[in-house]
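Hello,

I am passing a structure on to you, since you will be looking at it for the first time. Please open it below, and then read on for what was found in it.

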Amino acid sequence: MKVLIGGGSGFIGRALTRVFKEKGHDVVVISRTARPGAITWSDVEQNGLPGDCDTVINVSGENLLNPLRRWSSEAFKHDVEASRIKTTRLLATLISTSPSVRSWISCSGTSIYPLSTRASQAFTEYDEVPHRKDYLYELAHRCEEAGQLPLDTPTKHVIIRPSLVLGPWGGMVGDMWTQFNLYMGGSFGSGHQIASWIHLDDLARMYLFAAENRLHGVLNGSTPQPVTMDTLTQAIARAMDKRAVLWTPSPLVRMVFDGPRADILLKGNAVFPKRVQDLGFEFKFETLKGALEDIVTQRRAGIRQ
């Protein structure tokens, strides 16, 4: 396959690039700066898709949990939405008239399902998503709408809904490595909220599985073993041979992560990957213990892939 990856230089995009290249596929990424193997979003707007690509993926998106930016800033809101919705809509528009693209994989997030501060009902890809009036749902919903293709387009369209992504150099473990290493890591809010999660490598393999099998429809990017936030943070600490002794109360979380984005940490949902497993996908890291042991080993060895 000849694969084009929007956001290919980011946390998830780098993993996708590695996994696809390891299987012998040619990869070009869309990034903010041009370099060998990479084009810019301006290039795509002006010149369209590379003529021979048959698979297009978009994982572009400004980090919602960037503590250095404030939700009260209109510029931050614009960047969050434009990096997801505008880029997805651009690629979908170009794909709809492309004769070569056979597979289009866009993404949203498990926040499209109802969120709760306590244990929640289980959700799979087969469940209808109820409409609600909260920002995280609306952002995910708009991302999914932006990626839709005309009904007569032959291209297969997959929407992957990633949960909390765990990896050595990004995501919850990578971003909080220093805090846990200094015994300053711990749970958030009630700690009873459900944390659906996935190892970065398994998420990358899920994208590869969807592309190589020319799948269509929604796939949940989560393992079949969600846990509580307390369980997740304690497991991270144990994997690092540390203790999670601190707890961050909800008001402090909302002070650091102002606006609706705090709900990413303070609320959760139990999301299961039933459809993708029905289609034959097998997880490499299905248990939290095994996933975290692998992540900590990679981090301590300085392995950047």
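Which residue of β5 is the bridge partner of V56? That partner is W104. Please keep in mind as you browse that this is a predicted model.

**The sheet**

The pair V56 and W104 is a good way into the sheet, so let me start there. β4 and β5 run alongside each other in the parallel sense, and three bridges join them. Another of the bridge pairs is I57 with I105 of β5.

Stepping back, these strands sit in an open sheet of seven strands. Reading across, the order is β3-β2-β1-β4-β5-β7-β12, and the pairing is parallel. At the edges you will find β3 (38-40) and β12 (217-221), each of which pairs on one side only. From one strand to the next, the twist averages 20 degrees.

On the other side of β4 comes β1 in the strand order. β1 and β4 pair in the parallel sense over four bridges, and G6 stands opposite N58 in β4. Towards the β3 edge, β2 (residues 26-31) and β3 are also parallel partners, with three bridges between them. There, I30 has I39 of β3 as its bridge partner.

**Inside the strands**

In a regular strand, side chains alternate between the two faces of the sheet. β4 is a nice place to look at this: T55 and I57 point one way, while V56 and N58 point the other way. All four of these residues are buried.

How many of the five residues of β5 are buried? The answer is five, so this strand counts as mostly covered, with buried meaning under 20% relative accessible area. Both of its faces are covered: S103, I105 and C107 lie on one side, W104 and S106 on the other.

**Helices on the sheet**

Two helices are worth finding next. Helix α1 (residues 11-22) packs on the sheet and touches β1 (2-6), β2 and β4 (55-58). Its direction makes about 165 degrees with that of β2. Helix α3 (residues 74-95) lies across β2, β4 and β5 (103-107), and runs at about 165 degrees to β4.

**Helices against helices**

Two packed helices are described by the angle between their axes and the distance between the axes. Besides lying across the strands, α3 packs with helix α4 (residues 135-146) at an angle of about 20 degrees, the axes being 8 Å apart. Angles under 35 degrees count as roughly parallel, and therefore α3 and α4 are roughly parallel to each other. α3 passes α4 in a left-handed crossing. From α3, the contact uses V80, E81, R84, I85, T88, R89 and A92; from α4, it uses Y135, L139, R142, C143 and A146. These residues divide into seven nonpolar, one polar and four charged.

The other pair to look at is helix α8 (residues 229-239) with helix α12 (residues 288-301). Their axes come within 9 Å and cross at roughly 45 degrees, and α8 and α12 are therefore oblique to each other. This crossing is right-handed. T231, L232, A235, I236 and A239 of α8 meet L288, L292, V296 and R300 of α12. Here the contact residues are seven nonpolar, one polar and one charged.

**Two residues with positive phi**

Finally, here are two loop residues to visit. Y183 is in the loop between α6 (177-181) and β9 (186-188). Its phi is near 60 degrees, a positive value in a residue other than glycine. R214 lies in the loop between α7 (200-212) and β12. For R214, phi is near 50 degrees, again positive in a residue that is not glycine.

Are these two buried or exposed, or something in between? Y183 has 39% relative accessibility, so it counts as partly exposed. R214, at 17%, counts as buried because buried means under 20%.

I hope you enjoy exploring it.

Best wishes

Note on methods. Residues numbered from 1 in each chain as written. Predicted model: local features only at pLDDT ≥ 70, side-chain atom pairs only at ≥ 80, totals over all residues. Heavy atoms only, no water. Axes fitted to C-alpha atoms, helices over the stretch in contact; angles between N-to-C directions. Parallel < 35°, antiparallel > 145°, perpendicular 65-115°, else oblique. Left-handed = near helix turned anticlockwise from the far one by under 90°. Contact = heavy atoms within 4.5 Å. Nonpolar A, V, L, I, M, F, W, Y, C, P; charged D, E, K, R; others polar. Pairing = 2+ DSSP bridges. Buried < 20%, exposed > 50% of the residue type's maximum accessible area, 1.4 Å probe, protein only.
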